[in-house]
Each structure stands twice: as structure tokens, then as C-alpha cells.
Amino acid sequence: MWFLRPDCLSAFEDEEIRSSLSRYIEVVEGRKYPLFKLSKLVRVDLKDDPWEAHEEGLSILKEALGSGSMPRGDGGQVSLLDLKAYLSLEIAKNCRFCEWRCGVNRIEGERGVCRVRETRVSSHFIHMGEEPPVSPSGTIFFSGCNFRCLYCQNWDISQFPESGRSVTSQELAKMMDDLRRNGVRNVNLVGGEPTPNIHTIMISLRYASENFPVIWNSNMYLSEEGMKLLLGVVDLWLPDFKYWDDECARRLSGIANYSETVRRNLLLAYEFPPGEIIVRHLVLPNHVNCCTRPILEWIATNIPRALVNVMDQYRPEYRASEVPEVSRRPSHSELREAFETAERLKLRWRSVSR
Ligand code: SF4
């Protein structure tokens, strides 16, 4: 038995949320089909280059979303979703789901930087603590991550890819369906990081029978190919945007070329309909000038319809005490500056920031 928080109950009446997440709300309420179900209907002919067929499938879906009609369900040898499943297995054999581009054969059990071998789920449950339009959320925590954030709050999941239990695509589909049948608004794919598991997820969606919006809750360090597989499947993006300065990303998360990668992926997510996004930015101590302010400015200029959760809950965890710059909570003046910047830039932030 669970009860909806009052702010979640009224979230869909909030004007800021309604104007940014209109299609997501319709899917939650059963008035529209989730994108993965529409991708099942789109049919395309196979070509020498399967990515060409994939582009054609995305165009058909985009056209249908633009006109409000159902996508073409006749002709064509395969569905767009089947094609995505096939392509994701091909990528997994020479893994480049994210910008590490390790090139290892994940199907044969080889491990790259994320050290994820098979897909493992640490836990899945009804999460009541996400943003008001997201909760109650059917959250599935995948074990392992391609980042090494020194202050990770989920380090017991993210840094231990062997934790949890191994799941097949069919089992994952059943988890998703069961969560939706228990009344959640969505299926929220998170971790650790969901990216190393794109192939398992893509195949599981072929088996899923319930209509639920898919949320991609991620560090957004995907490769361009990984991103393209998710277009037409993800209904609501829930990305972190942690750093503006690549040197901060390298020092605190062990990541190269962070900012450009995340910006590229946010634009891809925003430009493919419906382009509904809640960006999460965690305000770090000593990082307002180098990261918070330029990130918020970039969002205001480039993806102004996105909702932005300016998060104030940072606390030093895991190995944060080893790095003086992040070994304390952000000060009141740092948080005030972050909130005032969001307000000055007229970001859509109030309805989802807590
Ligand atoms: S998901 Fe990323 S880090 Fe993991 S093996 Fe693939 S390319 Fe490497």
C-alpha cells in the first residue's frame, strides 16, 4: 500500500509541468501510446546498411508524432523496435554504447571500463522520492556505471557491477509490466547507469505488454549510436548535467570530453519529438562559477522548454573527503546564487526543484 505525496498528486495540474511534459502526461494517463509501442508499429525494409533503415524508421515515427496519427503499420520487413534490438546486439559485440567506446565483446562476457558483464538489477521498487511528475516511479536500478564519481551517493550499486541479480530480457519485461500494474506512472531506468544495458533493455521492450512511459535516468555519456537507439523509445529524459568544465569532470568523475558529449546528447533528445526533458543539476560546493552558472545559461539558450531540477542536496559521501573542494555541503550563498541564476534566466525550474 502506498500513498501519493500531495505535490505529486497535483503535479499534472501545474502549468510549468503541463507545458513541458504534455505528451508524457498523456501516456501516463493512458491517452497516448508510449513511444516503444509506436516503434513496434513502424515497419521498414532492411537495407545493406541497417542504420539507413533505422533512420527511415525514425522519420516515419517522427512524421506520425508530428501529425498525431498512428505510424504506418503495413509493409516493411521488420519493426523499428526489432531493428533497434538487432542494432543494439551488434553494438554490444564491439561495445560502444557510451563514449568510452571500449570495443569489447559484451555478448562474450568481456568487460570494458564499466566492468558490466551481463545485465544485473540491484533492486526494483516503487520510488516515491523522484520529482513530483515522476513519482510514484517504477524504478529499476542496474548495477555498475561507466563513471567513477568520487562523491557518488549510490556507490554501493554503481561501483559493484556484480551486485544484484542477473536478469534476462524476459525477466526485465516482467519487472516493468509488474511495476506498471502496481500503479506507477512510469518505468524509470537508472543505476548505477542504464547505458551498458541498452541491448537487454531494447529486447525486453519487445516483450513488455503494458503501456508505460519509459524514463531514461542517466549520466548521458552515451555515444551517438547509443543515443539514436533510444530515440523513439524514451518518453521522458531525466539526465544529469554535472559539469561544464571538462577538467572538473576528469578530476571528480574520471571522464574525458564530458561537456561536449552531454550537450550533443541533450540536443539529440530535445530535437526528437516530443523532446521532453527534466535536466538534473546537482549544485556542488566550489563549482557554481565553473559549472552551475554556464550550465544553466546553456540550458536557457539551447533547450529552453526543458524542466530543470536545481538540486541542493549534495553531501559528501563515498570518497569525497579525499578531495577538499567537495568535502563539504554547498553553502547558503552558493545555493542562493544557483537559484537566482535559474530565476534570472527564466528557466522552468520551480515545479521540479526541491
Ligand atoms: S558501456 Fe561504455 S564503458 Fe561499458 S563496455 Fe560499453 S563502451 Fe565501455
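In this predicted model, the ligand sits among 15 surrounding residues, and the closest of them are Cys 95, Cys 98, Cys 102, Gly 112 and Cys 114. Sorted by chemistry, the shell around the ligand comes out as ten nonpolar residues, three polar ones and two charged ones. Cysteine counts as nonpolar in this tally, and glycine goes with the polar group.

Zooming out to the fold, the chain carries 14 helices and ten strands. The radius of gyration is 19 Å, close to the 20 Å that the globule rule gives for 354 residues, so the chain is as compact as a globular protein of that length. Along the principal axes, the C-alpha atoms take up a box of roughly 60 × 45 × 40 Å. Half the chain is tucked away, with 50% of the 354 residues counting as buried. As for who touches whom, 74% of the contacts with a separation of 6 or more link residues that are 24 or more positions apart.

Then there is the sheet. Six strands make up an open sheet with mixed pairing, and their order reads 5-3-4-6-7-8. Strand 5 (165-166) and strand 8 (236-239) stand at the edges; each has a single partner strand, so one side of each is left without a neighbour in the sheet. Strand 3 (residues 120-127) and strand 4 (residues 137-142) run antiparallel and are joined by six bridges. Within this pair, His 124 stands opposite Ile 140 of strand 4.

Key: Residues are numbered from 1 along each chain as its sequence is written. This is a predicted model: local features need pLDDT of at least 70, side-chain atom pairs count only at pLDDT 80 or more; totals for chains, interfaces and linings use all residues. Two strands pair if DSSP finds at least two bridges between them. Helices (H or I, at least four residues) and strands (E, at least two) are DSSP runs, numbered from the N terminus. A residue is near a molecule or strand if its C-beta atom, placed from the backbone, lies within 6 Å of it. The radius of gyration is taken over C-alpha atoms; the globule rule is 2.2 Å times the number of residues to the power 0.38. A residue is buried if 20 or more other C-beta atoms lie within 10 Å of its own, exposed if 12 or fewer, and partly exposed in between; C-beta atoms are placed from the backbone. Two residues are in contact if their C-beta atoms, placed from the backbone, lie within 7 Å.
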